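Here is a friendly walk through one chain, from its overall outline to its helices, sheets and a few unusual backbone spots. Keep the model open beside the text as you read.

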Amino acid sequence: MQSQKLYLTIFLLIGLLIVLTFRYISRSTKNPNPEWVVKKAYKFRGILFYVQMIVLFVLLFFTFSMLPYSKSNETPNLVIPVDAMMFSFDIKYPGTDSAGTGQKPYIPVNQLIEFRVSSKDVNHDFAIYSPKGDIIAQVQAMPGYVNVLRVKFTEPGVYSALCLEYCGMAHQIMKTEMEVK
Ligand SMILES: [Cu+2]
């Protein structure tokens, strides 16, 4: 609830900034613009371009390490193939090929899990939601391709996997659960 109020405030402030900008622009164009105004505008646009470039490169520098690819040199503790199809997921937990062991398969907590996600028919998505309902990772499930998704579950609980790619009439029921313990 706290964060919702914060987001609303940020949204309203940005909205106000946009309104004020448009007001400024509409006022500044009331008088016909002589050539020097156009020259000034082009110069300002050039400055803005470089400011934007600098801001973007600074942001890139500080956020680059947050990319999930930085984990790629770690060896996963467990590899789990996942096949998506209309309208379910086939999660192939290791060591559960022969049915009837009586034990429900689960994912170990605090270990690097590598999901190898593919599809048997059309494009789907494999999105993992925490027990609280927050999305924590997702990857496309595509026929003919194996997409790798590495996740470390830091909290035990029942996680959900949902399809986020509209794939047909029953797309909304395409859901499964994974127990982490
Ligand atoms: Cu779907």
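## A cut-off to start with

A residue counts as buried if 20 or more other C-beta atoms lie within 10 Å of its own C-beta, as exposed if 12 or fewer do, and as partly exposed in between. Please bear in mind that this is a predicted model.

Let's try the cut-off on G15, a residue of helix α1. Is G15 buried or exposed? With 10 other C-beta atoms within 10 Å, G15 is exposed, because 12 or fewer is the limit for that class.

## Overall outline

How is the chain divided? Domain 1 covers 2–66 and domain 2 covers 68–180. The C-alpha centres of domain 1 and domain 2 are 41 Å apart.

The chain has a radius of gyration of 25 Å, whereas a compact globule of 181 residues would come out near 16 Å. Along the principal axes, its C-alpha atoms fill a box of roughly 85 × 40 × 40 Å. One pair of residues gives a feel for the distances: G15 and K181, 166 residues apart in sequence, have C-alpha atoms 45 Å apart in space. Of the 181 residues, 14% count as buried. As for contacts with a separation of 6 or more, 63% of them link residues 24 or more positions apart.

The chain holds two helices and eight strands. Read from the N terminus, the order of elements is α-α-β-β-β-β-β-β-β-β.

## The two helices

Helix α1 takes in residues 2–28. From its first C-alpha to its last, α1 reaches 39 Å, close to the 39 Å expected for its 27 residues at 1.5 Å a residue. How many of those residues are buried? The number is zero, so α1 lies largely in the open; the exposed G15 is one of the residues of this helix.

Helix α2 spans residues 35–63, and its end C-alpha atoms are 42 Å apart. That agrees with the 42 Å its 29 residues should span at 1.5 Å a residue. The number of buried residues in α2 is zero as well, so this helix too lies largely in the open.

## The antiparallel sheet

Now to the strands. One open sheet has four strands in the order β5-β4-β7-β8, with antiparallel pairing. Which strands stand at its edges? They are β5 and β8 (175–180); each has a single partner strand, so one side of each is left without a neighbour in the sheet. Neighbouring strands here are turned by 20° against each other on average, direction ignored.

Within this sheet, β4 (residues 124–129) and β5 (residues 135–141) run antiparallel and are joined by six bridges. You can follow the pairing at two positions: D125 stands opposite Q140 in β5, and A127 stands opposite Q138 in β5. The hairpin of β4 and β5 has five residues between the strands, and G133 takes a positive phi near 100° there.

## The mixed sheet

The other four-stranded arrangement is also an open sheet, with the order β2-β1-β3-β6 and mixed pairing. Its edges are β2 (88–91) and β6 (147–152), each with a single partner strand, so one side of each is left without a neighbour in the sheet. From one strand to the next, the twist averages 25°.

How many bridges pair β3 with β6? There are six, in the antiparallel sense, with β3 made up of residues 112–119. One position to look at is V117, which stands opposite N147 in β6.

## Backbone spots worth a look

Two loops of the chain hold backbone details to check on screen. In the loop between β1 (78–85) and β2 you will find F87. A cis peptide bond joins M86 and F87, with omega at about -5°.

The loop between β2 and β3 contains N110. N110 has a positive phi of about 60° although it is not a glycine. Is N110 buried or exposed? It is exposed, because 11 other C-beta atoms lie within 10 Å, and 12 or fewer is the limit for that class.

Conventions: Residues are numbered from 1 along each chain as its sequence is written. This is a predicted model: local features need pLDDT of at least 70, side-chain atom pairs count only at pLDDT 80 or more; totals for chains, interfaces and linings use all residues. The expected span of a helix is 1.5 Å times one less than its number of residues. Domain bounds come from an automatic or database domain assignment. The radius of gyration is taken over C-alpha atoms; the globule rule is 2.2 Å times the number of residues to the power 0.38. Two residues are in contact if their C-beta atoms, placed from the backbone, lie within 7 Å. Two strands pair if DSSP finds at least two bridges between them. Axes are lines fitted to C-alpha atoms, for helices over the stretch in contact, and angles run from 0 to 180 degrees between N-to-C directions.
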